[in-house]
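Colleague: Mind walking me through this one? I'd like to see how you get from the picture to each answer.

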Amino acid sequence: QITKPIIERYQKFLFRYRDEKGKALAFTTQKLRLTQLRGFFRYLCKKNFISYNPAYDLELPKAPRKLPRSYLSIEEAEKVLSIPDTRTELGIRDRAILETFYSTGIRRGELVNLSIYDISRDLGYLLIREGKGGKDRVVPIGERALQWIDKYLSDVRPKLAPTPDEGSLFLMISGDAFKRDILSNLVRKYIDDAKLGKSGSCHMFRHTFA
């Protein structure tokens with residue numbers, strides 16, 4: 001005798017339910033109860049006790065997505081960006097890396113894979129090749145970040161580039177493209193050196209950008 005509208009009313013009851021202290025049911029609790037119900041009716045249908053599963057296309061509640069806590073304010077981001085010693089060649093490189101993260105919000109692996117040919121200076125974008133999900137995409141990049149990249153390309157990268165040059169944008173002292181863990185350690189060190197009372201690495205800049 002149970003129909004889909006009855007189950008939907010039960011779902012609304014779970015959503016609106018409050019205990020004696022006025023506290024609602026957690027989304028995980030609501031989802032668990034509905035999942036059990038859906039599984040029960042699936043079992044009844046499989047065993048031919050019922051001919052139709054009224055909970056077949058029941059949509060389970062989704063918990064609201066929370067904003068990440070690990071991000072920097074504008075002032076904090078600027079402080080981190082000012083840490084690299086830009087009187088040195090590696091300081092220029094590191095400033096360009098941090099500026100790129102802050103300006104674009106790209107992932108660590110995407111920055112590691114950047115090529116010198118993926119920068120469109122005139123149009124102000126980066127080409128991300130095979131990003132998440134193996135898809136290419138175009139990402140805008142700000143003028144300040146481009147200026148630091150230009151300085152790195154003209155003053156620093158020619159001294160780090162190996163022969164033959166495979167074209168990776170950001171290079172380590174060895175001339176190789178950055179390894180992901182090494183890049184994480186580099187960014188983490190600058191965040192720690194800023195003494196903000198916060199810890200994080202490359203993904204913190206992605207959150208900050210957002």
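**Helices, strands and a serine**

Modeller: Sure, and keep in mind that this is a predicted model. Let's start where two helices touch: Glu89, Ile92, Arg93, Arg95, Ala96, Glu99, Thr100, Tyr102 and Ser103 in α4 meet Arg144, Ala145, Trp148, Ile149, Lys151, Tyr152 and Asp155 in α6. Sorted by type, the residues of that contact are seven nonpolar, two polar and seven charged.

Colleague: Are α4 and α6 roughly parallel or roughly antiparallel?

Modeller: Look at the angle: α4 (residues 89–104) and α6 (residues 143–155) pack at about 150°, and their axes are 8 Å apart. Angles over 145 degrees count as roughly antiparallel. So α4 and α6 are roughly antiparallel.

Colleague: Which strands are the edge strands of the open sheet?

Modeller: The open sheet has three strands in the order β1-β2-β3, with antiparallel pairing. An edge strand here pairs on one side only. That gives us β1 (119–120) and β3 (137–140).

Colleague: Which residue in β3 does Leu126 stand opposite?

Modeller: Strand β2 covers residues 125–128, and four bridges join β2 to β3, with the two running antiparallel. Follow that pairing across from Leu126 and the residue opposite in β3 is Val139.

Colleague: Is Ser184 buried or exposed?

Modeller: Ser184 sits in helix α8 (residues 180–193). Leaving aside neighbours within four places in sequence, Ser184 is in contact with Arg108, Ser201 and Cys202. Its relative accessible area is 8%, and the cut-off for buried is under 20%. So Ser184 is buried.

Notes:
Residues are numbered from 1 along each chain as its sequence is written. This is a predicted model: local features need pLDDT of at least 70, side-chain atom pairs count only at pLDDT 80 or more; totals for chains, interfaces and linings use all residues. Side-chain values use heavy atoms; hydrogens and water are left out. Axes are lines fitted to C-alpha atoms, for helices over the stretch in contact, and angles run from 0 to 180 degrees between N-to-C directions. Angles under 35 degrees count as roughly parallel, over 145 as roughly antiparallel, 65 to 115 as roughly perpendicular and the rest as oblique. Contact means heavy atoms within 4.5 Å. Ala, Val, Leu, Ile, Met, Phe, Trp, Tyr, Cys and Pro count as nonpolar, Asp, Glu, Lys and Arg as charged, and the others, Gly among them, as polar. Two strands pair if DSSP finds at least two bridges between them. Buried means under 20% relative accessible area, exposed over 50%, partly exposed in between (1.4 Å probe, protein chains only).
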